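Good morning, everyone, and please take a moment to look over the sequence and the structure before I begin.

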Amino acid sequence: MYVLCLAWLRCCELLAVFVGRRPAAVLLLWSSGSCGRSLGEAPLLKVQDVDPGRGRNIPQIITTPELESMILTVPDMELSKLRTRPLSAASVGSVVIQDRLSELVRLFKGRTERQRDRLVDPDESEGESPSEKKEEAPAEAEEEEEEEKLGFSFELLGHPVKLPKLPKLPLMPDWLRAIVEYRFPSSIDPFTDLIYVIWLFFVVAAWNWNVWLIPVRWAFPYQTPENIHLWLLADYTCDFIYITDILIFQPRLQFVRGGDIVCDKKDMRENYMTTERFKMDIISLFPMEIFYFFTGVNSLLRFPRLLKYMVFFEFNDRMEAVMKKAYIYRVIRTSTYLLYSLHINACLFYWGSDYEGLGSTKWVYNGRGNAYIRCYYFAVKTLITIGGLPDPTTVFEICFQLINYFVGVFAFSIMIGQMRDVVGAATAGENYYRACMDSTAKYMNSYNIPQEVQNRIKTWYDYTWKSQGMLDEQELLVQLPAKMRLDIAVDVNYAIVSKVALFQGCDRQMVFDMLTRLKSVVYLPGDFVCKKGEIGREMYIIKQGEVQVVGGPDLQTVFVTIRAGSVFGEISLLAGGGGNRRTANVKAHGFANLFILDKKDLAEILVHYPESQKLLRKKAKKEGRKKERKKERKKERKAIKLKERNKKFIHSSTHLPPSPPFCPPQAPSSISPLPPPSPMHRRSPIPRAPVQDDDDTVAETADSSVIIRMTPRHQGEEVLSVEVVPGEGREEQH
């Protein structure tokens, strides 16, 4: 019996699946239960189609009323018997089957209700779709997470303990987040990596600590037992920076081998270990501090730290490469050399005074005031040879002073010469500009150039220098390789040239080649860039400023204003035959910086790009036809206006007052009584598309004594004739 029940349950599940796929079905189930029902009496389940006419079959489960009114009755029995009496296999199977059937009924009902709601109102049922119900679980999980964030709870000795939530930390600044998220690279480019330049600054600071303070601590009594721990802390901090540089940074520096940049860790480490710098770095860390046990803390034992001088010169090179105005750093560095020489002389003077005895003679330091400041003052007066110093009395003082004078003159002359070179290099460009301007002024004065022209030339020099920082950009670029010139031209000018409609659609490499041929020219306010009728040999691209197309009898009428990023003169440049003359007058409005492309250069470029050449010629012809059509429209409008004006004139002439009685003239018979025909007048010279009008325009006076006739001819010509009608018995005159 138990096996039959299990088989029956499996059949029910298969039928349920079948009902889910095939809505048109009827399912009959029987259950043999022991809870107040006889064998074979089970609720009847019917699966029918709902709304078959709507095109979608939805199963509906109909149960018999007996299932809902069924009450489970248990006979009166002792609880002990119920607990001790084991359940039979049939009873267990019946209960399981009944629970399974109830679950199936509940699922079928839910599915039917959802399908019915979706068909009745699809919009409202979307909010109750199963997908949204699935999303309720993540929403509940988020609520639980928020509750957990509000506090932290745990049990302590069986009692719940809840701690309040800790306050949120403030947002981390961007610069601090960048430092935290920074990952140390496996290889470092010593020429372009800014992090390496910053690290060199710390290494140079540690080196300068040793360079400046080792002599001070040796000569002056500033290192005492009370502050010795501070001096040692600073010393060992500098040593730690040295060690970090040797172990971490220097073995990661990239280098060039055979033209290739090597980034392998092993190769970079081996390359560093074979350099002279590695040897000096190792010697600079020689631990001579072990002699502190015999001599005490003597700063002179740290003199090997000064051998790491290569980092100082490397830092200078990197700073000059990074800074926009490197000459400022060069001036500061040269001044520092002078200050350091005075610093060493001050330390030696205090040491000599201490050797002779402080205050023993007038020449030595007397021990009053600040020792370093007074000794530094003595060093300045000695090296610069100002004079006014007390005369040395002992042999030691005389020798010391002689050495001071010789070194001072030699060192000071070197510093002055180096400072002159630095300042001269910083102002070399401006000196060249001044020399060119002076030469030009001398030339103009020798040939008596008008003052107005001289002022314009001087204005051009001044504006060009201030806007570009040089008179000719090509002088700078000619020193670079072609690839670097192309890179600079692309970075500086491609953003402007790419916006020109004429070059859109052309080969990108053709545009790059054209960028290297562009020449920058500055025009002053009022300068004519080109004039009508000139032979066009250049094309212009406006880099900065504006130009105006002008005309009229005095060339003061502005037709159009062309702004930055536009191009003009391209038709004359691309046209062949005799069509390369300028068609308009273009004048600079204010200061205008233009790119000029020569016709010869463009032809050399287009030889290698035939497709771009065809495209440019096609665009040039299209622009030419467009301009020709504009001119024709203007001529047609003028012709129409002129004809309307003639018609108005004729119409107004018909309202003339009546003419007096006709009196025949007393003339010999040889003279013809008819007046000569009116001369032809070319009213509207229209070479193309003339206005066709074959009808004569006739007008007459009120008394019909005068008739005015307008007769059209070929090629837009018109003949105006006036007829005078004579009185009775007189001839008609033409």
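I will go through two helix pairs, then a surface patch, and then a salt bridge.

What you see is a predicted model, in which local features need pLDDT of at least 70 and side-chain atom pairs count only at pLDDT 80 or more, while totals for chains, interfaces and linings use all residues. Residues are numbered from 1 along each chain as its sequence is written, and side-chain values use heavy atoms, with hydrogens and water left out.

Let me start with the helices, which are DSSP runs of H or I with at least four residues, numbered from the N terminus. Helix α14 (residues 326–356) packs with helix α16 (residues 395–426) at an angle of about 175°, their axes being 9 Å apart, where axes are lines fitted to C-alpha atoms over the stretch in contact and angles run from 0 to 180 degrees between N-to-C directions. That makes α14 roughly antiparallel to α16, a label for angles over 145 degrees.

The axes of α20 (residues 482–497) and α21 (residues 508–515), on the other hand, come within 9 Å and cross at roughly 110°. This makes α20 roughly perpendicular to α21, the label for 65 to 115 degrees. Their contact, meaning heavy atoms within 4.5 Å, involves residues including L486 and Y494 of α20 and F512 and L515 of α21.

Turning to the surface, Y182, F184, L194 and I243 are among the residues of a nonpolar patch of about 1,000 Å²; such patches join nonpolar side chains (Val, Leu, Ile, Met, Phe, Trp, Tyr) within 5 Å, from residues with over 30% relative accessible area and no salt bridge, the areas coming from the Shrake-Rupley method with a 1.4 Å probe, and only the protein chains shown counting as cover for residues. Helix α8 gives the most to this patch, with five residues, and L194 has its place in α8.

Finally, the whole structure has 23 salt bridges, each a side-chain nitrogen of Lys or Arg within 4 Å of a carboxyl oxygen of Asp or Glu. In one of them R302 pairs with D235, the closest N and O atoms being 3.7 Å apart. R302 lies in the loop between α12 (292–295) and α13 (310–322) and D235 in helix α9, so the pair ties together parts that are 67 residues apart in sequence.

Methods: Helices (H or I, at least four residues) and strands (E, at least two) are DSSP runs, numbered from the N terminus. Angles under 35 degrees count as roughly parallel, over 145 as roughly antiparallel, 65 to 115 as roughly perpendicular and the rest as oblique. Patches are made of residues with over 30% relative accessible area and no salt bridge: like charges are joined within 9 Å, nonpolar side chains (Val, Leu, Ile, Met, Phe, Trp, Tyr) within 5 Å.
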